[in-house]
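Visitor: Could you take me through one part of this fold at close range? I'd like to look at a central strand and then at what lies around it.

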Amino acid sequence: MIRLKSTRGSGETPDGKRFEYSILELTGIGQSTREYQLELQVDGQTGMFSDIVEKGKPIDFAGEKWIF
């Protein structure tokens, strides 16, 4: 599992693929304070992960589990 530790960063997966990400806290009417917009790009992937996610809940993308 790869832990994302800040609002923006980059790194390398265990199998050597570079990744970049950004996390934006969503605020507004009807938004949970635990909901965030996560954008994640991994080298070798044809697409980017971009979705609303809950803090502390792992997601699957590019053959890895990600959490922040």
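## Around strand β3

Guide: Start with strand β3 (residues 18–25), which pairs with β4 in the antiparallel sense over 7 bridges. Strands here are DSSP runs of E with at least two residues, while helices would be H or I runs of at least four, and both are numbered from the N terminus. Two strands pair if DSSP finds at least two bridges between them. A word on the source: this is a predicted model, in which local features need pLDDT of at least 70 and side-chain atom pairs count only at pLDDT 80 or more, though totals for chains, interfaces and linings use all residues. Residues are numbered from 1 along each chain as its sequence is written, and side-chain values use heavy atoms, with hydrogens and water left out.

Now widen the view a bit. β3 belongs to an open sheet of 4 strands, ordered β2-β3-β4-β5, with antiparallel pairing. β2 (8–12) and β5 (49–54) each have a single partner strand and stand at the edges, so one side of each is left without a neighbour in the sheet. On average, and ignoring direction, neighbouring strands of this sheet are turned by 25° against each other; the axes behind that angle are lines fitted to C-alpha atoms (for helices, over the stretch in contact), and angles run from 0 to 180 degrees between N-to-C directions.

Back to the β3–β4 pairing: I23 has L38 in β4 as its bridge partner. L38 also stands opposite D51 in β5, and Y36 faces V53 in β5. In total, 6 bridges join β4 (residues 35–42) to β5, and the two run antiparallel. Look at how β4 splits its side chains: Y36, L38, L40 and V42 make up the covered face, while E35, Q37, E39 and Q41 sit on the uncovered one. Between β4 and β5 the hairpin has 6 residues, and G44 in that hairpin takes a positive phi near 90°.

Next, S22, which is found in strand β3. S22 counts as buried because its relative accessibility is 16%; the cut-offs are under 20% relative accessible area for buried, over 50% for exposed and partly exposed in between, using a 1.4 Å probe and protein chains only. Not counting residues up to four places away in sequence, S22 touches T7, R8, Q37, L38 and E39, where contact means heavy atoms within 4.5 Å.

Just ahead of β3, T13 lies in the loop between β2 and β3. T13 is buried too, with a relative accessible area of 5%. The side chains of T13 and D15 are joined by a polar contact of 2.4 Å. That term covers a pair of N or O atoms within 3.5 Å; within protein, one must be able to donate a hydrogen and the other to accept it, and residues adjacent in sequence count only if both atoms are side-chain atoms. Leaving aside neighbours within four places in sequence, T13 is in contact with I2, F19, E64 and W66.

F19 and W66 turn up again with Y21, as the three form one aromatic cluster. Rings of Phe, Tyr and Trp (its six-membered ring) pair if their centres lie within 6.5 Å; planes under 30 degrees apart count as stacked, over 60 as edge-to-face and the rest as tilted.

W66 leads you over to β7, where W66 is the bridge partner of I59. β6 and β7 (residues 64–67) run antiparallel, joined by 3 bridges.
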